[in-house]
Amino acid sequence: MPTATTKPPTIPPRIERLLLAPLFILPVLWLAGYFFPPINHDVAAILDVSTRWINGEQLYVEVIDENLPLTFIIHGLPVLTAKILPGTVTFWFTAWVVTGIFASFWACRRLIHLVPSADHALTEALLPPVLLFLFSVLPNEHFGQREHIMFVACAPYLIASMARAEGVSPSRLASLAIGIVAGLALAMKPHYLAIPAAVELYLLVRRGWRPTLADPIPWAIGVLAVAHVVSMYTLFSEFGHFVLPLAIESYAPIGDSGWREVLTSNVLGPTLLALLIFGLLAIFFTKTIAARVLVVFGIGAALSAIGQAKGWPYHVLPALSAAILLAALTVSQTVDRYLPISRSAHRLPVAVICATLMVLLYFQAALYTPPFYKQRQFEDSIGGRLQHIIEQNAPHRTFMVLSPGIYPFWPMVNYVGGRMTSRFLTMWVLQGVYATCDDFPALYNPPDTMGDSEKFVFDAVGEDFAREHPDLLIVDRIAGVPRCQGKEFDYLEYFLQNRVFADAFENYEHLMDFDRYRIFRRKKK
């Protein structure tokens, strides 16, 4: 007796769209939340430096920061936009990042169709919403950090590299655009270059010399990286000849973790383990070449995080994103290859699998970091309360901060339209100088025995304080310097050794102690 053919379950297209629509609508709504304060503090500080530079202060002379020139060039875009169109710099920064997310997502959706191994129902349906999740939801409080911007800008490069590994390349014009955008993002930090180095080395081994030399993508990335290095010693010569040596000497020792601690940290350790497990599953069971590119990209991103040797969570963001994308690719490729679904009957299982996996990602993200908790608590946060203190006691919105930290002064500076009157945003040089406690009788180096870097900061802070007469002087009780000789490092006590600073300080009186900060107000005449 012949058996009846079972018709595969299916759903109408409108029900399919109803199931999949939230996977695209929710990230859009999530992105809207980033327009509410506060913006990330590191982002706010970079925007402030870019604003001061574009407003006429000489970069790396009148405002000194250890970040590379390209960082301030890119962050100058929202500053210039705010000069032309209504809206604040922080608003336009968020708007530009959101625009970049949509542009990258659109490019990735088109590029996925070029990847031969992605030409399956579930893979084509799952990868785009996962990418949108990684762009929009995963960053959370790290939204707009350079690692976030880099991954968004490099996602088309990643997808294009999957296609290139399988013998398919975008058009020459598209390749050039992909390489330029990725190159600009990757050149913001030298550590990022570990990613294209790893990817292009793998492609070179797989494809050989001839296709590699004819490929515009690595050339565009390489030329931009070299041009950026040249600019450090020509257009921005103060950086190459002064700030870079200063950063190598004083900024490198700062941080709670060395590269070994970063490698085994709570974020990077599990990320590397996930890359290994998903990579083995994808490579040996689905035999997907695209997965190998993802593994290599993730390894390059992990090397970038390890190389920075700081242990800060956002440094791991690109590697974590690669691991999540690899997990999605492993699942989709396994289903597509071992449980083949015909195109005519794929709607129900694809929609349900996509919706289930994406809900799991959103659920886990919400458990790991409560969404928008900083926005919801901003008014009652240290930054929100400090903003009220500044508004009430700093008529000119000028102040000097002696602290090792960016937060909470940024983004407060950006929201009150304030101005930091020191050329240094933080005391990072002194942190590097006093990173270890040597067995000397004095807690502070006497001025006549200071090294060049310390003496420069010692004099510069005093000069800036005396010249600018800020409304407020804010001193952090926690110096970010190890205890030495049984005593705590005190920034105020340290700079009062400087006669110029001490004379100017006579015009100030104690206003209040707020949280970990001592606040002094300029005396009224």
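Let's start with helix H19, residues 409-416, which lies across S1, S2, S3 and S5. Its direction runs at about 175 degrees to that of S1. Helix H21 packs on the sheet too, touching S1, S2, S3 and S4, and the direction of H21 makes about 160 degrees with that of S1. Before I go on, please keep in mind that this is a predicted model.

So what do these helices lie on? The sheet is open, with 5 strands in the order S2-S1-S3-S5-S4, and the pairing is mixed. Strand S2, 419-420, and strand S4, 508-514, stand at the edges with a single partner strand each, so each has one side left without a neighbour in the sheet.

Let me walk you across from the S2 edge. S1 and S2 run parallel, joined by 2 bridges. In S2, Met420 is the bridge partner of Phe399. S1, which covers residues 398-402, also runs parallel to S3, and there we have 4 bridges. Phe399 turns up again here, with Leu472 as its bridge partner in S3. Moving on, S3 and S5 are antiparallel, with 5 bridges between them. Strand S5 takes in residues 517-522, and its Phe520 is the bridge partner of Leu473.

Now, a closer look at S3. How many of the residues of strand S3 are buried? It is 5 of the 5, residues 472-476, so the strand is largely enclosed by the rest of the structure. In a regular strand, side chains alternate between the two faces of the sheet. Here both faces are covered: Leu472, Ile474 and Asp476 are buried on one side, and Leu473 and Val475 are buried on the other.

Next, the aromatic residues. A pair of rings is described by the distance of the centres and the angle of the planes. The structure holds 29 aromatic pairs, and I have picked two to show you. In Phe424 and Trp428, the ring centres are 6.4 Å apart and the planes stand at 65 degrees, so this pair is edge-to-face. Phe424 and Trp428 are both buried.

The second pair is Tyr434 and Tyr494, with ring centres 6.2 Å apart and planes at 85 degrees, so this one is edge-to-face as well. Where do the two tyrosines sit in the chain? Tyr434 is in the loop between helix H20 (428-433) and helix H21 (452-468), while Tyr494 is in helix H22, residues 491-495. That makes it a link between distant parts of the chain, 60 residues apart. Tyr434 counts as buried at 8% relative accessibility, and Tyr494 counts as buried at 0%.

These two tyrosines belong to a cluster linked by ring pairs: Tyr434, Tyr444, Phe458, Phe465, Phe489, Tyr491, Tyr494, Phe495, Phe501, Phe505, Tyr508 and Phe520. If Phe520 sounds familiar, that is the bridge partner of Leu473 we met in S5.

Last topic: the charged residues. Side chains of opposite charge can pair when their charged atoms come close. In this model the count comes to 17 salt bridges, and I'd like to follow Arg423. Arg423 forms a salt bridge with Glu463, where the closest N and O atoms are 3.7 Å apart. Arg423 lies in the loop between S2 and H20 and Glu463 lies in helix H21, so the pair ties together parts that are 40 residues apart in sequence.

Arg423 also meets Asp464 in a salt bridge, at 2.8 Å from N to O. This pair again links the loop between S2 and H20 to helix H21, with the two residues 41 apart.

Buried or partly exposed: how do these three residues count? Arg423 counts as buried, at 13% relative accessibility. Asp464 is buried, with a relative accessible area of 1%. Glu463 counts as partly exposed, at 42%.

One further salt bridge is that of Glu468 with Arg467, whose closest N and O atoms are 3.4 Å apart. Glu468 counts as partly exposed, at 27% relative accessibility. And these pairs come together: salt bridges that share partners join Arg52, Glu57, Arg419, Arg423, Glu463, Asp464, Arg467 and Glu468 into one network.

That's my tour, and thanks for listening!

Terms used
Residues numbered from 1 in each chain as written. Predicted model: local features only at pLDDT ≥ 70, side-chain atom pairs only at ≥ 80, totals over all residues. Heavy atoms only, no water. Phe/Tyr/Trp six-rings, centres within 6.5 Å; stacked < 30°, edge-to-face > 60°. Buried < 20%, exposed > 50% of the residue type's maximum accessible area, 1.4 Å probe, protein only. Pairing = 2+ DSSP bridges. Contact = heavy atoms within 4.5 Å. Axes fitted to C-alpha atoms, helices over the stretch in contact; angles between N-to-C directions. Salt bridge = Lys/Arg side-chain N within 4 Å of Asp/Glu carboxyl O.
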